[in-house]
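Thanks for coming, everyone. I would like to take a few minutes to walk through one model, so please have the sequence and the coordinates open while I talk.

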Amino acid sequence: MQLILEKRAQASRLMHFASPLLAITLTVLLGGVVFAAMGQPPLTALYIYFIDPLTNLWSIEEVLVKAAPLVLIGVGLSVTFRANVWNIGAEGQLTAGAILGAIIPIFFAEWQSPLAFVAMLALGMLGGALLAAIPAFLKIRFGVNEILTSLMLVYIAQLLLDWLVRGPWKDPHGYNFPKSVAFDGWHLIPMFGDGRVHLGLIIALVTALILYWVMHRTIKGFEVRVIGNAPRAGAFAGFSQTKMVWFCFLLSGGLAGLAGIIEVAGPIGQLQPNISPNYGFTAIIVAFLGRLNPIGVIFAGLLLAISYIGGEGVQIELGISDKTAQVFQGMLLFFILMCDTLIHYRVRLLKAKGGAQ
Amino acid sequence: MSAYEAIILTIITASTPLLLAAIGELVVERSGVLNLGIEGMMVMGAVSGFAMAQITGSAWVGILMAMVAGTAMSLLFAFMTQTLVTNQVATGLSITLLGLGLSGLIGSGFVGMPGIKLGYVSIPVLTDLPYVGKLVFGQDPLVYISLGLTVGVAYVLKRTRMGLIIRAVGQNHDSAHALGYSVIKVRYACIAFGGMTSGLAGAYLSLVYTPQWIENMTAGRGWIALALVVFSTWLPGRLAAGAYLFGGVWILGLYAQGMGMGIPSQLLSSLPYVATILALIVISTNRRLSVINTPASLGRGFVPDR
């Protein structure tokens with residue numbers, strides 16, 4: 001028996017939207033098998049993982065808190081991947097944004113005004129964009145593969161943060177813990193009500209809407225899609241590949257940096273060695289699951305946020321390693337890529353060998 | 001053992017996992033496939049090798065298991081990218097993410113356990129030779145295997161019909177297909193070989209380099225191996241030299257930390273990553289060299305027309 005692909009005359013619109021749903025279904029099914037293999041009742045575990053987070057206000061809020069950085073980074077990456085530019089160092093850009101943005105609360109603690117908060121956000125974006133500019137520059141100037149450079153910079157940025165919070169930026173009154181001073185007043189992100197949901201969620205949603213508009217209603221969006229799908233056609237149309245690389249890296253880096261400063265000014269409230277549970281890498285899955293479409297990314301971001309909370313849930317209630325979340329996320333990306341084949345191809349099983357050849 | 005012997009020994013130990021992972025990827029890329037999943041295959045090799053060695057009490061059974069695990073992950077990649085023609089970059093990333101998660105899950109019960117270390121080779125007389133004995137004849141067996149693999153790959157790629165077919169598939173899959181070679185089968189085989197050596201590289205980490213299981217213990221070595229392949233311009237000899245150079249950088253950082261010269265440890269830890277970027281820049285500035293050897297079909301999917 002042989003599996004063969006037949007190219008569809010036209011990309012299937014149906015599969016374009018059905019593929020993520022199919023991928024989610026397959027992930028849940030295989031997830032049940034994984035739970036069973038670990039000796040857990042699969043249905044109960046799946047319920048705790050996927051449904052429980054949505055059954056009380058506390059965990060819904062927590063899902064929204066986690067969705068904010070995922071959506072913010074994911075929309076930037078969705079545009080970037082659309083243009084066939086591969087920035088996979090968002091985790092590092094997030095870190096760089098957190099570092100640069102934290103300059104205000106650490107060195108200008110007295111400066112308390114709404115403007116200080118805006119400056120923090122701006123510096124955060126700048127930090128992410130600056131780090132992302134390195135792979136962009138190296139790709140354009142020397143033709144260095146951006147995947148490897150952007151990834152190497154993740155390790156470098158994380159080590160830089162580690163050094164800062166254990167060394168020069170350590171809180172002098174912090175009992176020698178590797179943490180900066182706690183941010184305070186206008187250096188913290190405005191919260192909604194007395195919960196944990198903060199302004200970052202609105203920023204993420206608005207950014208997604210703006211980028212949706214850019215991608216589907218402006219010439220820039222058209223340029224991104226043309227260069228991504230057919231670089232030669234893009235060149236004939238006079239679109240610059242070089243400018244596109246810059247645009248993508250600065251945009252996705254800036255947004256990752258923004259997510260970084262929002263995380264430290266929000267849920268965390270200070271700099272510490274560990275500021276992100278791999279948001280920058282998970283956002284890659286978010287971008288693909290969201291069909292590289294900013295609106296789709298919003299939904300995908302919410303789903304991946306649930307996977308984080310669900311992972312914590314099964315850890316607490318069933319005593320399973322919190323790595324479950326990472327496994328589910330990996331499986332999801334796997335299945336989404338697999339199902340995406342169905343957009344362009346029909347899959348057939350050939351019974352006898354050599355029949356069609 | 002003198003200090004210089006100790007330093008060279010540690011450099012070899014640090015270089016071997018890089019060489020093992022990179023030599024497999026070199027073959028994969030020569031066949032026109034870009035597998036970014038090395039980190040994931042390696043970490044799976046590390047955890048399953050460690051676990052199996054714990055269960056059976058034998059490092060060799062662990063190593064075998066690691067090779068199986070690496071190959072299994074790579075076959076998943078092969079099925080996706082070759083049979084289903086998915087995007088190779090994204091699929092490789094998914095292998096890495098999946099591997100990092102799955103290894104954490106499998107390894108959660110093994111954290112903190114004292115490991116089983118693979119012994120060193122010992123040949124009577126030869127190993128006891130002064131100065132060179134321990135270095136040349138007293139390494140662990142995997143060091144010799146890694147060097148043997150490098151020589152073997154160089155020979156096969158350059159001198160054999162099989163190597164010619166692999167290169168043809170990587171250079172121009174349409175022509176290779178027209179000549180009657182099964183592009184997909186050749187690529188499957190190369191990807192599986194790459195998975196096997198990555199698994200081996202992982203086992204090296206958890207059974208030789210630091211005989212224990214630590215989460216994410218590959219620490220980016222899979223990515224550095226990928227960079228090494230680019231750095232080597234797809235030539236095995238140059239790859240081995242690059243791997244030892246990087247092993248040297250890694251150890252340099254550790255030694256400098258140990259001496260405590262007041263340099264922040266984080267700066268020294270970042271050396272291999274900085275060196276990787278610099279190496280990529282250096283090699284890319286020489287465009288002629290890179291362009292000549294880059295497999296022309298690298299990263300492009302192939303669907304046979306029928």
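Let me begin at the surface, where Phe107(A), Phe108(A), Trp111(A), Leu115(A) and Val118(A) together make a nonpolar patch of about 520 Å²; please keep in mind that this is a predicted model. One member of that patch, Trp111(A), sits in the loop that runs between helix H5 (103–107) and helix H6 (114–142) of chain A. Its relative accessible area comes out at 35%, so Trp111(A) is classed as partly exposed, given that this class covers the range between under 20% for buried and over 50% for exposed.

For a contrasting environment, consider Val154(A), which belongs to helix H7, residues 146–166 of chain A. Is Val154(A) buried or exposed? With a relative accessibility of 3%, Val154(A) counts as buried, because the cut-off for that class is under 20%. Val154(A) is also separated from Val181(A) by 27 residues in sequence, and the C-alpha atoms of the two are 24 Å apart in space.

Finally, I turn to helix H11 of chain A, residues 241–268, whose 28 residues should span 40 Å at 1.5 Å a residue, and the 39 Å between its end C-alpha atoms agrees with that. H11(A) nevertheless contains a kink of about 30°, centred on Ile262(A). At the start of H11(A), the backbone nitrogen of Thr242(A) has a side-chain oxygen of Ser240(A) within 3.3 Å, while just after the helix, Gly269(A) adopts a positive phi of about 85°.

Definitions and conventions:
Residues numbered from 1 in each chain as written. Chains lettered and ligands numbered in written order. Predicted model: local features only at pLDDT ≥ 70, side-chain atom pairs only at ≥ 80, totals over all residues. Heavy atoms only, no water. Helix = DSSP H or I, 4+ residues; strand = E, 2+ residues; numbered from the N terminus. Expected span 1.5 Å × (residues − 1). Bend = angle between axes of the 7 residues up to and from the residue. Polar contact = N/O pair within 3.5 Å; in protein donor to acceptor, adjacent residues only side chain to side chain. Patch = residues over 30% accessible without salt bridge, like charges linked within 9 Å, V, L, I, M, F, W, Y side chains within 5 Å. Areas by Shrake-Rupley, 256 points an atom, 1.4 Å probe, with all protein chains shown as cover. Salt bridge = Lys/Arg side-chain N within 4 Å of Asp/Glu carboxyl O. Buried < 20%, exposed > 50% of the residue type's maximum accessible area, 1.4 Å probe, protein only.
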